[in-house]
Structure formats: C-alpha cells, structure tokens
Amino acid sequence: MGTVDGARRGYATISGRGLDWDSVPMRLFQKAKRLGTWDPQAIDFSRDSSDWAAMTTLERDFILRTVSLFQAGEEGVTTDLLPLIMAVAQEGRLEEEIFLTSFLWEEAKHVELFRRWLDTVAAAHEDLSRFLTPSYSHLFLVELPSALGRLKDDPSAIAQIRAAVTYNMVIEGVLAETGYHGFRQSLESSGRLPGLLEAIRLIARDESRHIRYGVFLLNRLINATPGGWDVMNVRMNELLGPALSVVTEFWDAYDETNPPFGQRMQTYIDFASSQFDKRMKVLERDRGKSLDEIERSALADLAQEEAAVAVRG
Ligand code: MN
Ligand code: FE2
C-alpha cells in the first residue's frame with residue numbers, strides 16, 4: 001500500500017489482499033530461506049591454505065585476480081541494489097520487496113565470503129585494484145552505479161528496465177555466471193581449494209535466484225511499458241561488447257601457450273555469449289505476454305529446474 005502525503009493508507013496483509021503465495025517472488029523467497037542461509041564463516045578453509053601455499057606463482061596470480069574481481073563485483077552489487085528495492089517498494093509490490101530482502105542479504109554474504117578467503121587464505125592485504133581492467137571498471141564503476149543510482153530521481157519503468165538489464169542480465173547473468181563457471185572448471189579438475197569451490201557453488205545457486213527474479217522483473221516491465229522492448233534491446237547491445245571485453249582483458253595477463261590450470265580464453269568467451277543468448281531467448285519467448293502468462297511461464301521454469309535438481313540429486 002502506497003503513501004499519500006507521507007501517510008500510509010493501510011496494510012496489504014490485513015486488507016483482505018493478503019500475500020500472493022503463488023507469485024514468482026514469494027516462491028523465490030521460499031527457496032531463498034531454504035538455500036540462501038548458509039554461513040560464510042562456517043566454510044572450512046584449512047585445505048585451501050595448504051593448497052594455496054603449494055601453488056605456482058602463475059596459479060596464484062590467476063586465483064588472486066579472479067577472487068579480486070569477484071570481491072569487487074559482489075561489493076558493487078551489494079552497494080548499488082538499494083535504489084531498485086526502493087523503486088519496487090514504492091509501487092507497493094510487497095512480495096517483490098520481501099524477496100529482495102533475501103537478495104541483498106545474500107549479496108552481503110558473498111562480500112563477506114570472498115573477503116574472509118582473501119584475509120585467511122591468501123593474506124592479501126595489499127591494494128588489489130590493479131586487477132580492474134578498463135572494461136571491468138567501466139561496467140562496475142560507471143554503468144552499474146549510474147543505472148541503479150538514477151532510480152533515486154527517476155523510478156520510471158524505462159529507468160527500471162535499464163537498471164535490470166545492467167544488473168541482472170549483464171553483470172549477474174553474463175559476467176558473474178561466466179566467472180563462477182570458469183572458476184569451477186579450473187579448480188574441479190585439480191581438486192584444489194575445496195573451501196573456495198564449495199563457496200562458489202553456494203554463491204552460484206544464490207545468483208540463479210537473483211537472475212530468475214531479474215528475468216521476471218524485466219518481463220513484467222517490458223510487456224507493460226510502451227517502447228520497453230526496444231529500451232531493453234538497446235541496453236543489452238550497449239553492454240554486450242564491454243562484457244566480452246572483461247573476459248579478453250582478463251586473459252591479456254596470460255600467455256595462451258602456457259595458461260593457468262590449462263584454461264582457454266575461448267571457452268569463457270563462448271560461455272559468456274551463450275549466457276547472453278539464453279537470457280535474450282527467455283525475454284523473446286515471453287514477449288507480448290500478459291502478467292498472468294509471464295507468471296505462469298516463470299513458475300513452469302522454476303518447477304522444471306526443481307525437477308532437474310531432484311533427478312541430479
Ligand atoms: Mn552475489
Ligand atoms: Fe546476485
């Protein structure tokens with residue numbers, strides 16, 4: 001329930017409206033309470049410390065560079081999310097606001113997790129900002145805070161679309177997913193740094209809920225806003241180039257003939273591009289749908305995902 005002249009008109013949950021239990025955000029909130037409450041302090045880093053000590057200089061450089069970018073990125077998404085929560089809350093979307101409390105809390109835990117690893121395993125107390133490349137800095141220091149910060153003065157649907165594309169589709173949906181995927185690939189084969197690897201699995205699972213909400217939010221906004229589709233499309237294409245450059249600039253630090261952990265840059269580029277295509281496909285599939293239809297297809301996606309998890313065990 002919104003406010004008029006600073007006064008509240010009433011409370012949704014005692015108005016007969018109640019809570020929409022079957023809405024996408026409430027379903028995601030239930031999942032967040034089951035899966036998002038792991039404690040960064042409880043992850044065992046003892047093996048990580050001995051593994052870290054035994055690594056080559058090149059391997060350590062790769063890990064430290066990657067973790068530094070994760071650390072900065074998690075701080076960025078934690079710091080910049082609030083204006084979106086405000087915009088959604090002001091519209092009286094209580095279920096979404098409830099889900100967003102878990103979203104911000106989880107991002108805060110991700111910040112905690114990486115800093116704990118840097119402190120206790122790598123003892124990396126020096127300035128790590130040397131790892132931020134031009135494209136990374138452009139996306140995280142300029143595009144993300146400006147797209148989200150704009151909502152403080154302009155919470156319009158168009159500004160929300162630009163913010164959600166930047167935050168959920170590109171930063172989370174392309175960059176974070178690619179980073180976590182690549183990182184798991186490089187470590188799983190060698191069996192080293194099991195604490196960090198376990199944490200990344202938990203973080204990636206949290207991120208999948210955030211991205212799912214982002215897709216729902218965008219679908220809702222795009223299909224209710226004249227011109228919304230084009231704004232989304234332009235914004236996606238504005239950010240795709242810099243997002244892929246984050247990957248190539250990262251790999252500039254390494255020699256293709258002697259890559260850390262036998263990794264190849266092209267694998268990351270391909271994965272990032274396929275993530276981008278995957279996000280676009282869902283938006284295309286749901287283009288022109290009503291909110292009811294969007295909810296139904298999002299809930300079907302969720303159910304399908306849960307069934308796949310149950311089969312994998
Ligand atoms: Mn995160
Ligand atoms: Fe996230």
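How far apart are the iron ion (ligand 2) and the manganese ion (ligand 1), and which residue coordinates both? In this predicted model, the two ions are separated by 3.6 Å, and Glu107 is a ligand to each of them.

## The iron site

Four residues supply the donors of the iron ion (ligand 2): Glu107 (OE), Glu172 (OE), Glu207 (OE) and His210 (ND1), at 1.8 to 2.1 Å. Along the chain these donors follow the spacing E-x64-E-x34-E-x2-H. Distant parts of the chain are linked here, since Glu107 belongs to helix α5 and His210 to helix α8 (residues 194–224), 103 residues apart. Both Glu107 and His210 are buried.

The geometry of the iron site is classed as irregular, because the four donor atoms subtend angles of 94 to 147° around the iron ion (ligand 2). The upper end of that range lies outside the window of 85 to 135 degrees that is required of all angles for a tetrahedral assignment.

## The manganese site

The manganese ion (ligand 1) has as its protein donors Glu74 (OE), Glu107 (OE), His110 (ND1) and Glu207 (OE), which lie 1.8 to 2.3 Å from the metal. The sequence spacing of these donor residues is E-x32-E-x2-H-x96-E. Here too, distant parts of the chain are joined: His110 is in helix α5 and Glu207 in helix α8, 97 residues apart.

His110 has a relative accessibility of 0% and therefore counts as buried. Glu207, at 2% relative accessibility, is likewise assigned to the buried class. Glu207 is listed among the donors of the iron ion (ligand 2) and also among those of the manganese ion (ligand 1).

## Packing of α3 against α8

Two of the manganese donors, Glu74 and Glu207, also take part in a contact between helices. The axes of helix α3 (residues 57–80) and α8 come within 14 Å and cross at roughly 35°, and the crossing is left-handed. On the α3 side the contact involves Ile63, Val67, Phe70 and Glu74, which meet Leu196, Ile200, Ile203 and Glu207 in α8. Sorted by class, this contact contains six nonpolar and two charged residues, with no polar ones.

## Packing of α1 against α5

Helix α5 (residues 94–120), which carries Glu107 and His110, is also in contact with helix α1 (residues 24–35); their axes come within 8 Å and cross at roughly 35°. The crossing of α1 past α5 is left-handed. From α1, the residues in contact are Pro25, Met26, Leu28, Phe29 and Ala32, while α5 contributes Glu95, Glu96, Ile98, Phe99, Thr101, Ser102 and Glu106. Seven nonpolar, two polar and three charged residues make up this contact.

## Positive phi outside glycine

Leu193, although not a glycine, has a positive phi of about 50°. Leu193 is located in the loop between α7 (157–188) and α8. With a relative accessibility of 0%, Leu193 is classed as buried.

Phe261 is another non-glycine residue with a positive phi, in this case about 55°. The loop between α9 (228–251) and α10 (265–285) holds Phe261. Its relative accessibility of 15% is under the 20% cut-off, so Phe261 counts as buried.

Definitions and conventions
Residues are numbered from 1 along each chain as its sequence is written. Chains are lettered from A and ligands numbered from 1 in the order in which they are written. This is a predicted model: local features need pLDDT of at least 70, side-chain atom pairs count only at pLDDT 80 or more; totals for chains, interfaces and linings use all residues. Side-chain values use heavy atoms; hydrogens and water are left out. Axes are lines fitted to C-alpha atoms, for helices over the stretch in contact, and angles run from 0 to 180 degrees between N-to-C directions. Helices (H or I, at least four residues) and strands (E, at least two) are DSSP runs, numbered from the N terminus. A crossing is left-handed if the near helix is turned anticlockwise from the far one by less than a right angle, and right-handed if clockwise. Contact means heavy atoms within 4.5 Å. Ala, Val, Leu, Ile, Met, Phe, Trp, Tyr, Cys and Pro count as nonpolar, Asp, Glu, Lys and Arg as charged, and the others, Gly among them, as polar. Donors are N, O and S atoms within 2.8 Å of the metal (3.2 Å for Na, K and Ca); water is not among the atoms, so sites may look incomplete. Four donors count as tetrahedral if all angles lie between 85 and 135 degrees; four count as square planar and six as octahedral if opposite donors are over 155 degrees apart and all others between 65 and 115; anything else is irregular. Buried means under 20% relative accessible area, exposed over 50%, partly exposed in between (1.4 Å probe, protein chains only).
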